[in-house]
Every structure is written in structure tokens, then in C-alpha cells.
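Please load the model in a viewer and set it to cartoon, with side chains ready to switch on. The tour goes from one selection to the next.

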Amino acid sequence: MAREEAAPAAAGMEQSTRRTQILRFLLRYRNSGVFSGLTLDPALEHGNGDEGSPAEFSRDLEALGPTFVKLGQMLSTRPDIVPPAYASALERMQENTTPVPFEQIREVLESELGVRISKVFSAFEETPLGCASFAQVHAARLRDGTPVAVKVQRPGVSQRLTSDLSMLRGIAMAADRLTKVGRSVHFGDWINEFSRALLAELDYIAEAENLERFGEHLAPYPELLVPRPVWDLTRRRVLTMDLVEGVRVDQVSGLRRTEEPMDPLATALLRGYLDQMFVHGEIHADPHPGNLRVTPDGRLAIFDLGMVANVPPRQRERLLKLLFAAVDGRGEQVADEMIALGTRLEDYDAPRFLREVGQLISRYSAHRTTMSEGRVVLELVRIATANCLRTPPELSLLGKTLLNLDTVCRTLSPELDAKQVVEGHLQHVMRARLRQSFSSPSLATELMELQTLTREGPRKLSEILSLMADNRLQVKVTGLEESHLMENLQKIANRIAAGLVTAALIVASTMMMRIPTSSTLFGYPTVALLMFLLGVALGAGIVVSALLGDRRVKSR
């Protein structure tokens with residue numbers, strides 16, 4: 001009994017200690033510009049006083065555990081939340097993890113598969129091929145001799161992740177209520193998106209589906225290789241796939257570069273990922289060198305597809321128009337697409353936003369050899385947030401993906417003109433979408449809508465005319481009850497009512513002063529004096545409230 005009571009107490013103590021660690025970390029960097037990204041003094045970018053430098057910030061995040069390593073990686077895609085120096089430090093974060101003892105891995109593996117390892121594998125390497133914060137990968141061989149890679153989730157990861165995300169969600173919601181930057185950025189929404197993506201990454205069945213789908217979508221590019229999942233041996237915490245050997249793209253030797261041209265690999269990677277984003281509507285924001293290997297047969301293998309974002313068709317079309325306009329140097333259209341994608345907040349500054357976007361696109365057109373498309377998109381996100389235009393997270397993911405692709409392509413083939421490849425393939429995608437709009441299914445859909453309009457249009461017009469003739473046409477404006485107009489009208493009505501009550505109290509007390517009474521205070525009738533003092537206090541309160549509270553309307 002005592003042991004059962006001690007377990008919840010220990011869990012509560014651990015959770016309290018964990019919350020204290022997180023709050024101490026947030027308080028240390030409260031004035032460093034992190035989580036606002038817009039008001040940082042350049043003198044503070046390398047640390048000042050108690051606030052750590054960008055490198056210390058990333059190390060402190062790593063020390064908080066796997067959840068915060070992933071948080072740092074996601075923050076590196078948000079220039080509207082973290083300053084450039086901190087974003088660069090977060091991009092270099094490494095998951096320094098030690099392997100879990102094999103007995104624990106064996107327990108998870110056999111629990112998920114429901115059989116002993118020896119029943120399904122003829123050989124299983126106890127030393128892992130690689131370790132990450134959530135899982136580790138082991139080489140194995142099936143009973144028929146097929147070499148495979150087995151990704152096994154670390155024990156206890158899901159419980160710790162759920163607890164950390166719950167605490168982060170509470171802190172984010174408090175920041176949204178209490179801080180101006182929270183009302184602008186909406187940390188709660190961002191943490192919810194981050195939570196969904198992270199929990200999806202723990203589901204290896206979803207990752208297997210991503211592997212299979214990416215393999216089908218990238219089939220037109222024989223230079224690219226995606227490992228196929230082994231479905232019979234894949235579960236929620238175990239992923240079995242083809243074993244693909246290769247060298248990281250940033251570790252390919254100079255001799256091999258001389259003997260094998262890497263341009264086709266870089267070109268195929270760019271074209272394939274642009275298709276994934278704008279044709280199939282999927283963004284894999286993490287194509288960094290650690291997830292890309294050059295195989296012995298000269299192909300480029302793509303790994304780690306656990307975190308993939310899906311983009312709706314309409315938003316996909318707007319992202320394509322935005323990127324195409326940026327590449328073509330049309331700043332006004334870029335600004336228009338940004339406005340259509342985003343949400344204008346109360347303090348949105350349209351002239352400043354249009355001016356800064358135009359200047360950015362002009363600089364990009366003038367320095368196209370040194371400024372990548374990914375950097376332009378991330379800079380657009382930063383400009384939008386600075387001018388109170390909230391952008392969707394997919395835009396930041398697009399910028400991060402393009403930036404990673406540019407880095408990989410420069411590593412593979414420094415001579416490749418990546419901008420020309422991007423521009424040429426965007427034109428190809430636009431032509432393909434145009435052809436698709438004239439396809440038989442699209443034309444049939446348009447004709448059906450036209451038929452519906454032709455059939456129902458006269459009847460609806462007749463109904464509107466009948467309502468107007470009978471003086472029964474009503475127009476309902478939604479949202480008026482929540483507008484500043486209603487707020488100000490209510491404030492005016494309250495002030496008028498309070499003023500009338502104050503005047504009535506003062507006039508009544510003045511008249512009562514002349515009535516003789518035995519109850520006096522300082523020589524005046526008690527009731528009359530109290531009414532007079534109450535009226536004076538109310539009047540003074542109205543004046544003070546007007547002076548202090550009516551200077552500006554609070555942001556909502």
C-alpha cells in the first residue's frame with residue numbers, strides 16, 4: 001500500500017522538477033530575442049550578461065532531452081520566432097545519444113512483433129548502425145537471406161514526450177494570453193502543430209507509408225532511391241525496411257567526385273522534391289546531409305521520412321505562385337500572395353510590408369548567385385511577422401526545405417546552377433498544372449458547376465427580387481458584436497450613465513444640505529455629505545479612467 005502511494009508522489013515530484021528546469025531555461029533567454037526574433041539588439045546576438053550565446057542556447061536545449069532537440073530543429077525553420085544567429089546554431093544541433101542496451105531493444109522488438117527475434121531473422125546485429133533521440137537502427141538479415149535495417153523505438157520515449165508536450169502546451173497558452181508576441185505568433189497553435197508532427201513521427205506505420213508513397217512519387221527519377229518497407233515486420237514501434245548502404249553526401253571523396261559526376265543526383269533531388277511539394281502536396285522539411293547517402297551504384301538514397309507535412313491543394317497553388325513570382329522578380333505579386341496566405345492582425349502595417357517585400361525581391365533579383373530561394377522565403381516570413389501578418393507554418397517549412405536542398409546541392413555539385421534548375425522545373429510544374437486544368441475530369445467538373453448555376457440561378461434571383469419587393473430582405477453582418485465599434489459604443493454608454501448618476505448625486509446632495517437634521521458630520525447633514533463625497537469619487541474615477549485608459553485600444 002505504501003509503495004502504491006509513493007509511486008504517484010515520485011511521479012509528481014519528477015514532473016515538478018522537470019517544469020522547474022523548463023521555466024529556468026525560458027527565463028534565462030527571456031531577453032535574448034528568442035521566441036520573438038524581431039526586437040533583438042545586434043549587440044546581444046552573442047550573449048550578454050546572464051543570457052547565453054546562441055551556441056549555449058542550443059546546448060541547453062540538447063541537455064533538456066529528445067523533445068527539446070526536436071523543438072530546436074523545428075525552431076530553426078521559424079525566423080519569425082528566433083533571430084538568425086540562434087537559428088543557425090539550432091541548425092547545427094546534433095542528437096548526442098548513447099545506444100540503449102540491446103536487451104531493452106530486444107524486449108521492444110519481440111513485444112511488437114509477437115515472436116522471438118530468431119523466428120524472423122537469421123542474423124541480427126546487436127551494435128546499432130545509428131542512434132537518435134527516439135530510436136536506433138540495427139542491421140539484420142531475414143530468414144530468406146534479404147538484408148534489412150530495423151528501426152526500433154527506445155523504451156519510455158512516448159511517455160516522456162507526452163509529459164514534456166503537456167508542459168510546453170501550458171506554457172505556450174499562458175504566453176499567448178499574457179504577452180504581445182504571444183498574441184501575434186500564437187505559440188499555442190504552433191506547439192499543437194509541433195505536437196501532432198512529433199507524435200506522428202513516433203508511429204512507424206505512418207513512416208512506412210511515407211516511404212512507400214515517396215518511392216512511388218519519385219519513381220520517374222531513377223537517380224533517387226527510397227528504401228521499401230517490409231510490411232510483415234513493421235509495427236507502431238518497429239520499422240523494417242531495405243538495407244541501403246552508402247556514403248553521406250558531405251563525406252563523398254574528391255576522387256569519387258572526379259570519377260562520377262554528381263550533377264545528375266543534385267538535379268534529380270531538386271526536381272523530385274519540387275514535385276513532392278507542388279504536385280503531390282507533401283513537404284519533407286529535413287533533407288539534410290545526414291538523411292541522404294550516395295550508394296555504391298551511383299544513386300542518391302533518401303532516409304528518415306517520419307516528419308512529412310501535407311499541404312491542401314489551394315494553399316499548394318498559392319505557394320507555387322508565390323515562389324514563381326519571387327523567382328521571376330515580381331515583388332508586388334509576392335506581397336499579394338503573402339497577404340492571401342496569411343492572417344492580418346490588428347496592427348498590420350500594409351505600406352511598410354509592401355515596401356519591405358519589394359526591396360527584398362529586388363535584392364534577390366540583383367544578387368541571385370549569393371541568395372537562395374529558401375533564404376528568401378524565410379526572410380519573407382520574418383518580414384510578415386514584423387508587420388503583424390501571421391503566415392501559415394507550411395511557408396516556413398517550404399523555406400527550410402529549399403534551404404536544405406540548396407545546401408545539399410552545393411555539397412554534391414558546387415558548379416550546379418540550382419536556381420536555373422528550380423526556375424526551369426517550376427515552369428514545368430506550372431505547365432503541367434495548366435494542362436491538368438484542361439483535362440477531361442476538370443472540364444467535366446466545371447461544366448457541372450455551370451449547369452448547376454444555369455439551373456438554379458433564375459430561381460435564386462427570383463427569390464431575392466421577391467424579398468426586396470416585400471421589404472423582407474435582410475443582411476446580417478457577422479462579427480460586429482466582437483468589433484471595436486461595439487466596444488467603443490458600450491464604453492460611451494457606460495460613461496454617459498456614470499456621468500448622469502454622478503451629476504444626480506452632486507445635485508441631490510446640494511439640495512439636501514439645506515434641510516435641517518440632527519445628524520451632522522463636520523457641520524453638514526451626514527446623508528447629504530456622504531452623497532456628495534460619493535459623487536466626487538465617481539467623477540474623479542471617470543476623469544482618471546479617461547486619461548489613462550482611452551489613449552489607445554488594447555490589442556486582442
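The stops below cover helix pairs, a sheet, an aromatic pair and one aspartate. Keep in mind throughout that this is a predicted model.

**Stop 1: α7 and α9**

Select residues 157-178, which form helix α7, and residues 187-201, which form helix α9. The two pack at an angle of about 165°, and their axes are 8 Å apart. Angles over 145 degrees count as roughly antiparallel, so α7 and α9 are roughly antiparallel to each other. The crossing in which α7 passes α9 is left-handed.

Now show the side chains at the contact. On the α7 side, pick L161, L165, L168, R169, A172, M173, A175 and D176. On the α9 side, pick F187, G188, D189, I191, N192, F194, S195, L198 and L199. By class, the residues of this contact between α7 and α9 are eleven nonpolar, three polar and three charged.

**Stop 2: α3 against α9**

Keep α9 on screen and add residues 66-75, helix α3. How far apart are the axes of α3 and α9? They are 11 Å apart, and the packing angle is about 120°. That angle makes α3 and α9 oblique to each other, because it falls outside the ranges for roughly parallel, roughly perpendicular and roughly antiparallel. Here α3 passes α9 in a right-handed crossing.

For the contact, select T67, K70, L71, M74 and L75 in α3, then W190, F194, L198 and E201 in α9. The residues of this contact divide into six nonpolar, one polar and two charged. F194 and L198 appear in the list for α3 with α9, and F194 and L198 also appear in the list for α7 with α9.

**Stop 3: the four-stranded sheet**

Next, go to the open sheet of four strands, ordered β5-β10-β9-β7, in which the pairing is mixed. Which strands stand at the edges? They are β5 (224-225) and β7 (247-248); each has a single partner strand, so one side of each is left without a neighbour in the sheet.

Zoom in on β5 and on residues 300-302, strand β10. These two strands run parallel and are joined by two bridges. Pick L225 to find its bridge partner in β10, which is A301. Then add helix α12 (residues 263-278), which packs on the sheet and touches β5, β9 (292-294) and β10. The direction of α12 makes about 35° with that of β10.

**Stop 4: D242**

Select D242, which lies in strand β6 (residues 238-242). Leaving aside residues up to four places away in sequence, D242 touches P147, V148, A149, P227 and R228. For one of these, R228, the C-alpha to C-alpha distance to D242 is 5.6 Å, with the two positions 14 residues apart in sequence numbering.

**Stop 5: α13 and α17**

Move to helix α13 (residues 313-327) and helix α17 (residues 393-412), which pack at about 50° with axes 11 Å apart. That angle makes α13 oblique to α17, and their crossing is right-handed. Show Q315, L319, L322 and L323 from α13 together with E394, L395, L398 and L402 from α17, which make the contact. Six residues of the contact of α13 with α17 are nonpolar, one is polar and one is charged.

**Stop 6: an aromatic pair**

The structure holds three aromatic pairs. One of them is F102 with F124, a tilted pair at 5.8 Å centre to centre with 45° between the planes. It links distant parts of the chain: F102 is in helix α5 (residues 102-113), F124 is in strand β1 (residues 121-124), and they are 22 residues apart.

Definitions and conventions. Residues are numbered from 1 along each chain as its sequence is written. This is a predicted model: local features need pLDDT of at least 70, side-chain atom pairs count only at pLDDT 80 or more; totals for chains, interfaces and linings use all residues. Side-chain values use heavy atoms; hydrogens and water are left out. Axes are lines fitted to C-alpha atoms, for helices over the stretch in contact, and angles run from 0 to 180 degrees between N-to-C directions. Angles under 35 degrees count as roughly parallel, over 145 as roughly antiparallel, 65 to 115 as roughly perpendicular and the rest as oblique. A crossing is left-handed if the near helix is turned anticlockwise from the far one by less than a right angle, and right-handed if clockwise. Contact means heavy atoms within 4.5 Å. Ala, Val, Leu, Ile, Met, Phe, Trp, Tyr, Cys and Pro count as nonpolar, Asp, Glu, Lys and Arg as charged, and the others, Gly among them, as polar. Two strands pair if DSSP finds at least two bridges between them. Rings of Phe, Tyr and Trp (its six-membered ring) pair if their centres lie within 6.5 Å; planes under 30 degrees apart count as stacked, over 60 as edge-to-face and the rest as tilted.
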